[in-house]
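Student: Please take a close look at one central strand of this model. Walk me through its partners, its turns and the chain around it.

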Amino acid sequence: QVQLVESGGGSVQAGGSLRLSCSASGGTFSNYGVGWFRQAAGKDREFVVGISRSGDNTQTADPVKGRFTISRDNGENTVYLQMNSLKPEDTATYYCAAAQWMIRSYASPRSHEYGIWGQGTQVTVSS
């Protein structure tokens, strides 16, 4: 199965942008749907965005709609999370997760459906 490594986190002022990357190794990445989750200090982990194996279906959580976009490049074994108009409440550790689903167009917001997780990357947005 694949292993996942996130990168691209950092500190930015409110209104700024960051692009996170989730790089996969050790498997056929196009067989996996991918999701981004985040966990702020003292809070539960929450879903952010997800993308299907095929890349033609995405799901986005309401707090980030219109600001965050997920995309994937299976040739590069990478999923990207473009984050624009960042807010202080976006501050969290961001994790990517992957799962193999039979349906190529399936994307899931449910963390328990993902079996492979990266180590996370910190995003800090200052006001």
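Tutor: Two residues count as in contact when they have heavy atoms within 4.5 Å of each other. Keep that cut-off in mind for the contact lists further on. The model is predicted.

The part to look at is strand S5, residues 46–51. Start with burial. Buried here means under 20% relative accessible area. Five of the six residues of S5 meet that cut-off, so the rest of the structure largely encloses this strand.

Now the partner before it in sequence. Strand S4 covers residues 33–39, and its pairing with S5 is antiparallel, with five bridges. Two positions show how the strands line up. Glycine 35 has glycine 50 of S5 as its bridge partner. Further along, arginine 38 stands opposite glutamate 46 of S5. S4 and S5 make a hairpin with six residues between the strands. In that hairpin, glycine 42 takes a positive phi near 80°.

Next, the partner that follows. Strand S6, residues 58–60, runs antiparallel to S5, and three bridges join the two. Isoleucine 51 faces threonine 58 of S6 across this pairing. This is again a hairpin, with six residues between S5 and S6. Its turn holds glycine 55, whose positive phi is about 85°. So what does S5 pair with? S4 through five bridges, and S6 through three bridges.

One general point helps when you follow side chains along such strands. In a regular strand, side chains alternate between the two faces of the sheet.

Move one strand out, to S4. This strand is mostly covered, with six of its seven residues buried. Besides S5, S4 pairs with strand S9, residues 92–99. That pairing is antiparallel too and has seven bridges. Valine 34 of S4 has alanine 98 of S9 as its bridge partner. Thus the path from S5 leads through S4 to S9.

Trp36 is a useful link to another strand. Strand S3, residues 18–25, holds serine 21. Leucine 20 is also in S3. Both have Trp36 among their contacts: leucine 20 and serine 21.

Take leucine 20 in more detail. Its relative accessibility is 0%, so it counts as buried. Setting aside neighbours within four places in sequence, its contacts include Gly8, Gly9, Leu81, Met83, Tyr94, Thr121 and Val123. These come from well-separated positions in the numbering. The C-alpha atoms of leucine 20 and glutamine 122 make the point: they are 102 residues apart along the chain and 10.0 Å apart in space.

Serine 21 is buried as well, because its relative accessible area is 12%. Leaving out residues up to four places away, it touches Val5, Glu6, Ser7, Trp36, Thr78, Val79 and Tyr80.

Now contrast those with some loop residues. Glycine 75 sits in the loop between strand S7 (68–73) and strand S8 (78–83). At 70% relative accessibility, glycine 75 counts as exposed. Its C-alpha lies 16 Å from that of valine 5, at a sequence separation of 70 residues. The loop between S7 and S8 also holds asparagine 77. Phi of asparagine 77 is positive, near 55°, although this residue is not a glycine. Asparagine 77 is partly exposed, at 25% relative accessibility. Serine 85 belongs to the loop between S8 and S9. This non-glycine residue has a positive phi too, about 50°. Its relative accessible area of 41% makes serine 85 partly exposed.

Finally, step back to the chain that S5 belongs to. It has eleven strands and zero helices. Of its 127 residues, 45% count as buried. Among contacts with a separation of 6 or more, 61% join residues 24 or more positions apart. The C-alpha trace spans about 40 × 25 × 25 Å along its principal axes. The radius of gyration is 13 Å, which agrees with the value near 14 Å for a compact globule of 127 residues.

The surface closes the tour. About 6,200 Å² is accessible, and carbon and sulfur atoms make up 43% of that. There are 11 positive and 10 negative side chains. The centres of the two sets lie 2 Å apart.

Conventions:
Residues numbered from 1 in each chain as written. Heavy atoms only, no water. Buried < 20%, exposed > 50% of the residue type's maximum accessible area, 1.4 Å probe, protein only. Helix = DSSP H or I, 4+ residues; strand = E, 2+ residues; numbered from the N terminus. Pairing = 2+ DSSP bridges. Rg over C-alpha atoms; globule rule 2.2 N^0.38 Å. Areas by Shrake-Rupley, 256 points an atom, 1.4 Å probe, with all protein chains shown as cover. Lys, Arg positive; Asp, Glu negative; His and termini not counted. Charge placed at Lys NZ, Arg CZ, Asp CG, Glu CD.
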